[in-house]
Amino acid sequence: TLLGTSAPGVVTVAPFHLQLRVKTHASTGEVELKVNGVQVLNLTSQNTVGNYSGTANITSICYGVAGPHCVYFDDMFIATAFQGETRDDANLPDAEGSDEAWTLSSGSDTYALLDEVPPNTSDYILTSTVNAQSCVNVQALKSAGGTIKAVQGMCYACKTDAGPCGLKMYLLMGGSRYYSSEFFPAWNFWQYFTYVWDQDPSAGPGPWTESAFNSAQLGVERTT
């Protein structure tokens with residue numbers, strides 16, 4: 001169902017920043033769209049549920065244009081309110097951490113096996129020991145002086161034998177570990193696992209600061 005349209009707000013061969021806010025309701029639903037911070041669509045008193053009574057899901061975000069054009073989406077995130085123009089920085093491992101219980105497939109530095117983009121599965125860390133922990137330091141905040149909206153940890157993992165295999169990521173901050181949810185890698189199938197710390201878990205939790213981010217270490221612990 002088409003709820004509304006706006007005047008053209010984007011141009012080809014140029015980057016632009018989109019923000020979409022949707023309130024789901026059968027009669028008081030709302031849709032608001034901003035392009036580069038300027039509101040181009042604002043709908044109220046809408047049925048944004050349709051005939052569906054379950055959980056609202058986003059199944060696709062599409063850009064329709066005639067002809068053989070390519071559209072790339074980058075730095076995409078979901079929040080409960082407009083965040084303004086932001087960016088995602090990838091901060092890679094750059095030094096050894098305090099925990100080093102996992103075995104190295106080669107070499108003597110954990111971080112050197114984990115800093116490739118894209119991941120290189122010919123070198124890695126591994127363990128068969130439950131509760132074994134290893135962590136690394138990561139690069140300092142790239143946008144120094146900027147506001148940190150959230151911190152996301154990411155690991156790329158698989159299991160190599162039958163049987164239980166679970167893991168958690170953690171942030172090591174001030175001698176304490178703050179864990180992610182538990183993940184269960186598949187046998188012989190590498191996959192990404194991610195977890196978001198919206199706030200600094202060592203601050204109550206509270207807002208992230210540059211110094212807290214720069215001092216945190218990111219690690220992984222085998223759980224089963």
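This short presentation considers three sites in the structure shown above: Arg222, Phe213 and the surface around Met76. Please bear in mind throughout that the model is a predicted one.

I begin with Arg222, which is found in strand S12, spanning residues 217-222. What is the nearest side chain of opposite charge to Arg222? It is Asp161, at 8.5 Å. Arg222 is buried and yet has no salt bridge, since the cut-off for such a bridge is 4 Å. As for its surroundings, leaving aside residues up to four places away in sequence, Arg222 touches Trp102, the residues Thr127, Ser128, Thr129, Val130, Asn131 and Ala132, and also Pro164, Cys165, Gly166 and Leu167.

I turn next to Phe213, a residue of helix H1, which covers residues 210-215. Is Phe213 buried or exposed? Its relative accessible area is 11%, so Phe213 counts as buried, the limit being under 20%. Beyond the residues up to four places away in sequence, Phe213 is in contact with Asn91, Gln139, Ala140, Leu141, Ile148, Val151 and Trp208. One of these partners, Val151, is 62 residues from Phe213 along the chain, while their C-alpha atoms are 8.2 Å apart.

Finally, the surface. Met76 sits in the loop that runs between strand S3 (38-46) and strand S4 (93-100). With a relative accessible area of 52%, Met76 is classed as exposed, because that class begins over 50%. Which residues join Met76 in a nonpolar patch on the surface? They are Leu18, Ile61, Val71 and Phe73. Together with Met76, these residues present about 450 Å² of accessible area.

How values were computed. Residues are numbered from 1 along each chain as its sequence is written. This is a predicted model: local features need pLDDT of at least 70, side-chain atom pairs count only at pLDDT 80 or more; totals for chains, interfaces and linings use all residues. Side-chain values use heavy atoms; hydrogens and water are left out. Helices (H or I, at least four residues) and strands (E, at least two) are DSSP runs, numbered from the N terminus. Buried means under 20% relative accessible area, exposed over 50%, partly exposed in between (1.4 Å probe, protein chains only). Lys and Arg count as positive and Asp and Glu as negative; His and the chain ends are not counted. Contact means heavy atoms within 4.5 Å. Patches are made of residues with over 30% relative accessible area and no salt bridge: like charges are joined within 9 Å, nonpolar side chains (Val, Leu, Ile, Met, Phe, Trp, Tyr) within 5 Å. Accessible areas come from the Shrake-Rupley method with a 1.4 Å probe; for residues, only the protein chains shown count as cover.
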